[in-house]
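Visitor: I should like to go through this model residue by residue. May we begin once it is on display?

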Amino acid sequence: MTAYTGFDTMPIAGTWRAGSYGEVADDVNPYSDETLTSLPLANADDVDDAFRAAASAQRDWAATLPTERAEVFFRAAQVMDARKDEIVDWLVREAGGIRPRAEWEWLAVRAVMLEAVSYPTRSAGRILPAALIDGKENRVYRQPLGVVTVISPWNFPMQLSNRSVAPALALGSAVVLKPASDTPVTGGLLLAKILEEAGLPSGVLSVVVGKSSEIGDAVAQHPTTRLVSFTGSTPVGKGIAESAPLTKMSLELGGNGPLLVLGDADLEAAVDAAIFGSFFHQGQVCMATNRIIAVDSVHDEVVDRLTDRVRALTVGDPSDPSTQIGPIINDSQVDSILDKISRAEADGAEVRVRGARSGPAQRVLGPHLVLGTNEVATAAEEVFGPVATVIRARDEEDAVALANDTEYGLSSAVFTRDVDRGVRVAARIDAGMTHVNDTTINDEPNTAFGGEKNSGIGRFGGDWAIDEFTTDHWIGVQHSRRQYAI
């Protein structure tokens with residue numbers, strides 16, 4: 001088995017080819033600045049070609065037997081097994097993830113492939129009795145949407161593409177995927193290679209890599225698309241929704257995850273979860289623990305434990321097995337993180353631990369531990385970096401109020417030795433996901449992943465993915481002649 005090649009082209013309308021924009025973009029390793037590949041970018045005409053081919057190929061793809069579609073994803077999981085080292089290596093080099101994080105992403109993508117195996121035969125319609133008309137039979141058929149647009153981010157590029165691509169394809173739709181320009185290979189091209197090797201017909205999946213200023217609107221607003229699945233920042237997601245108000249949207253946007261530590265919590269377990277939640281993949285996770293909200297009785301001990309743990313974290317080359325914190329994805333993201341820390345200090349926050357910049361490209365940013373209020377920049381805003389802010393709460397009621405005092409509502413966590421109490425508190429948090437005695441970072445292929453408020457619309461995973469990526473068609477059958485009033 002030879003390694004995949006051809007990452008200087010993209011699959012558009014059934015053919016791997018260079019983009020037509022006339023400009024080449026270098027895909028670089030964020031740690032070393034090594035050029036991984038150079039890719040001629042796509043333009044709006046390429047996007048139109050992709051959608052036209054997708055609409056044509058989708059009809060035959062939807063007509064295949066459900067088991068034939070299921071077998072593609074079963075084979076895709078087998079391909080992932082055979083190519084695990086190759087996939088993990090790309091995730092380390094292109095996304096800047098430490099090896100355990102890259103291996104976790106490989107596992108998550110594989111799990112979604114296996115979940116997708118079941119989708120073609122789980123997609124079921126209903127037959128309903130007539131409520132008003134004699135002799136009427138109401139059939140509600142579950143049907144593919146048609147063509148789906150997927151726009152994915154750079155932080156978990158393969159997983160956050162595949163969690164929409166796999167169910168949409170498995171349920172009979174075709175897909176046009178625009179991955180982030182920082183991660184074109186792991187976000188799209190590598191996934192396309194895997195599905196192609198697994199037997200996905202040509203034209204059913206196109207990947208367009210290009211500047212958002214050139215192809216962003218063409219992808220998000222193409223008249224052929226029936227659904228836009230977008231994962232990324234809240235401002236961009238709102239802009240997409242406003243630009244195509246009558247198109248179905250599945251949006252997973254920003255987060256500001258609170259982890260509540262109540263007075264009866266197991267503090268060692270809570271600190272373990274907070275360290276993982278705040279610093280996994282350098283904090284570049286939508287579900288990251290942005291805020292650690294500790295009630296007054298345990299606040300100081302939580303801070304002391306966190307201080308020791310944060311200072312002990314190892315930073316450096318993500319390919320080094322000992323590294324726990326690797327590089328930030330790009331320079332502008334580093335600047336954004338440092339700006340939030342600076343503004344938090346200006347508002348009176350204390351930086352208890354301040355990590356330094358390092359690495360060949362100066363994109364490794366050491367971990368930061370900030371003590372402040374819910375109003376300082378590192379707590380009020382999504383940092384998306386290796387920064388944890390600890391906030392003191394008076395009691396449980398105050399901790400819940402602080403947790404909910406944000407525009408976001410994605411993931412959250414509660415630590416208490418009383419599980420029933422934890423569930424009661426969890427139910428009061430305005431979030432799509434809350435974990436009792438666990439970290440804020442959790443993702444399962446068969447559950448309802450998604451957020452509330454400005455964290456998004458819709459849910460990914462399990463039966464919820466079937467709902468998102470199909471549509472209902474009511475077909476009424478009149479078995480006896482109907483007498484009309486006119």
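**Rings, charges and buried positions**

Guide: Arginine 83 lies over the face of tyrosine 4, 3.8 Å from the ring centre; a charge sits over a ring if NZ of Lys or CZ of Arg is within 6 Å of the ring centre and within 35 degrees of the ring normal. This is a predicted model, in which local features need pLDDT of at least 70 and side-chain atom pairs count only at pLDDT 80 or more, while totals for chains, interfaces and linings use all residues. Residues are numbered from 1 along each chain as its sequence is written, and side-chain values use heavy atoms, with hydrogens and water left out.

Visitor: Over the face of which residue does arginine 101 lie?

Guide: Arginine 101 is one of the buried residues of helix 4, buried meaning under 20% relative accessible area, exposed over 50% and partly exposed in between, with a 1.4 Å probe and protein chains only. At 4.2 Å from the ring centre, the residue beneath arginine 101 is phenylalanine 156.

Visitor: How far apart are the end C-alpha atoms of helix 4?

Guide: Helices (H or I, at least four residues) and strands (E, at least two) are DSSP runs, numbered from the N terminus. The expected span is 1.5 Å times one less than the number of residues. For the 24 residues of helix 4 (99–122) this gives 34 Å, which agrees with the separation in the model, 35 Å.

Visitor: How are the rings of phenylalanine 7 and tryptophan 90 arranged?

Guide: Rings of Phe, Tyr and Trp (its six-membered ring) pair if their centres lie within 6.5 Å; planes under 30 degrees apart count as stacked, over 60 as edge-to-face and the rest as tilted. A search of the whole structure finds six aromatic pairs. Here the centres are 5.4 Å apart and the planes stand at 80 degrees, so the pair of phenylalanine 7 and tryptophan 90 is edge-to-face.

Visitor: Is arginine 392 buried, partly exposed or exposed?

Guide: Arginine 392 is found in strand 18 (residues 387–393). Its side chain makes polar contacts (N or O atoms within 3.5 Å, one able to donate a hydrogen and the other to accept it; residues adjacent in sequence count only if both atoms are side-chain atoms) with the side chains of aspartate 296 at 2.9 Å and aspartate 300 at 3.0 Å. With a relative accessibility of 40%, arginine 392 counts as partly exposed.

Visitor: From the backbone oxygen of which residue does a polar side-chain atom of threonine 323 lie 2.7 Å away?

Guide: Threonine 323 is found in the loop between helix 10 (296–311) and helix 11 (331–346). Threonine 323 is buried, at 5% relative accessible area. The backbone oxygen at 2.7 Å belongs to aspartate 317.
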